[in-house]
Amino acid sequence: MPEKFVDPYGRDVNYLRLSVTEQCNLSCFYCRSNPLECGKKGGKALLGVEEIKSIAEVAVGLGITRIRLTGGEPLIRFDIIDIVKALSAIPGLNDLSLTTNGILLEKMAFKLAAAGLGRVNISLDSLDEANFKNITNGGKLQSTLQGIENSLKAGLIPLKINMVLLKGINDHEIENFLTLTINKELDVRFIEYMPTQGPKKWSNYFLPLQSVVKIAEKIAPLENVPGEHGGGPAQYFRLKGARGKVGLISPLSRHFCHSCNRLRITPDGKIKPCLFSSDEIDLSDSLSSKEKIKEGFYEALKKKPDPQKTAVNPADRVRQYQSKRTMSQIGG
Ligand code: SAM
């Protein structure tokens, strides 16, 4: 039985987000500091499959039970199937999932399921072809939609669609996203835009999620549903009679730091104790020693910030964003 991995504020840390690349096959305008970054080859050295496996084994030995692969776009790594196979074989890891823009799932969903992936979260910010293309800098909506269908067929469930709400960009599509949950067994989660590109851009696009509830109430009566398995950050409800749920993730207007259960690994081998903090623990020189990796995890655990100090007002919270990385560099 692994030990409990509890931070100084009593939070049980059992979830690891492991980013396997900074690069992406889309270039969403709000995610990267420079759209041209996306196609760039090379860059910082990435963790190899064996290194990722060592980190994951140590983490599971400490009490991590859930791992999510992310990026950049994790599916563009040529060895992603090997990574999934290596991690899914770790005893004690109960939940292996992956966050993707879905473009490559049309081809890869069945292979990923066969390699041991449990489920996927798919990021989708527009259901309108032209808007999708604008947001993603040239992406094809049809590819992601086909990826969703194939993931459902491959059994990568429960499948969650994540939509970042962006004022003036996709807020007119809230109703279309809500109605997706009616006939399909998938959850749609609305996420508040975070200040990863600085306060100015943030104030241009930020919308609190209360507007989603108002629109949902016009479609059907709302039923409350209990929180996620494993205690995720979303608050859920269901449109009466719908097959899927609607989730609201409000890191700014209703923060969930008091129940934060996660650590993050960047693609260049640093542990991030908190998305908002600039603290990073560098594992890159420790990867040949599981003992040193373990020490790194304990150091990260100690550096998880005090949730009492989280600002409650979104504008104040924005000023607390100290990380130097954009979301694509952290792994959202
Ligand atoms: N490429 C994968 C994908 O599209 O899901 C994984 C990486 S992407 C960085 C993960 C998620 O972060 C996406 O859902 C994206 O919309 C979200 N994201 C990026 N920047 C964000 C921001 N400033 N605020 C909120 N979510 C953001």
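How many residues surround the ligand, and which are the closest? Let's start there and then visit a few other spots in this predicted model.

**Figure 1. Residues around the ligand.** The ligand is surrounded by 17 residues. The closest are Tyr30, Gly72, Ser123, Met194 and Thr196. Tyr30 also takes part through its side chain, where an N or O atom is 2.6 Å from an oxygen atom of the ligand.

**Figure 2. Backbone atoms of Thr100 and Asn101 beside ligand oxygen.** Here it is worth looking at the main chain. In Thr100, a backbone N or O atom lies 3.4 Å from an oxygen atom of the ligand. For Asn101, a polar backbone atom is 3.4 Å from an oxygen atom of the ligand.

**Figure 3. Helix H1 packed with helix H2.** H1 covers residues 49-62 and H2 covers residues 80-88. Their axes come within 10 Å and cross at roughly 30°. An angle under 35 degrees counts as roughly parallel, and H1 and H2 are therefore roughly parallel to each other. Their crossing is right-handed. On the H1 side, the contact is made by Val49, Ile52, Lys53 and Ala56, while H2 brings Asp82, Ile83, Ala86 and Leu87. Sorted by class, this contact has six nonpolar, no polar and two charged residues.

**Figure 4. Helix H1 again, now with helix H9.** H9 spans residues 290-302. The axes of H1 and H9 come within 10 Å and cross at roughly 60°, so the two helices are oblique to each other. This crossing is right-handed. From H1, the residues in contact are Ser54, Ile55, Glu57, Val58, Ala59 and Leu62. From H9, they are Lys290, Ile293, Lys294, Phe297 and Tyr298. The classes here are seven nonpolar, one polar and three charged residues.

**Figure 5. The crossing of helices H6 and H8.** H6 takes in residues 174-183, and H8 takes in residues 210-219. With their axes 10 Å apart, the two helices pack at an angle of about 60°. H6 and H8 are therefore oblique to each other, and they cross in a right-handed sense. Which residues of H6 and H8 make the contact? H6 supplies Ile174, Glu175, Leu178 and Thr179, and H8 supplies Ser211, Val212, Ile215, Ala216 and Ile219. By class, these comprise six nonpolar, two polar and one charged residues.

**Figure 6. A cis peptide bond leading into Pro158.** The bond from Ile157 to Pro158 is cis, and its omega is near -5°. Where does Pro158 lie? Pro158 is found in the loop between helix H5 (141-154) and strand S5 (159-165).

**Figure 7. Asn137 and its positive phi.** Asn137 has phi near 65°, a positive value in a residue other than glycine. Asn137 sits in the loop between helix H4 (129-136) and H5. H5 is also the helix before the loop that holds Pro158, so do keep Figure 6 at hand when looking at this view.

How values were computed:
Residues are numbered from 1 along each chain as its sequence is written. This is a predicted model: local features need pLDDT of at least 70, side-chain atom pairs count only at pLDDT 80 or more; totals for chains, interfaces and linings use all residues. Side-chain values use heavy atoms; hydrogens and water are left out. Axes are lines fitted to C-alpha atoms, for helices over the stretch in contact, and angles run from 0 to 180 degrees between N-to-C directions. Helices (H or I, at least four residues) and strands (E, at least two) are DSSP runs, numbered from the N terminus. Angles under 35 degrees count as roughly parallel, over 145 as roughly antiparallel, 65 to 115 as roughly perpendicular and the rest as oblique. A crossing is left-handed if the near helix is turned anticlockwise from the far one by less than a right angle, and right-handed if clockwise. Contact means heavy atoms within 4.5 Å. Ala, Val, Leu, Ile, Met, Phe, Trp, Tyr, Cys and Pro count as nonpolar, Asp, Glu, Lys and Arg as charged, and the others, Gly among them, as polar. A residue is near a molecule or strand if one of its heavy atoms lies within 4 Å of it. A polar contact is a pair of N or O atoms within 3.5 Å; within protein, one must be able to donate a hydrogen and the other to accept it, and residues adjacent in sequence count only if both atoms are side-chain atoms.
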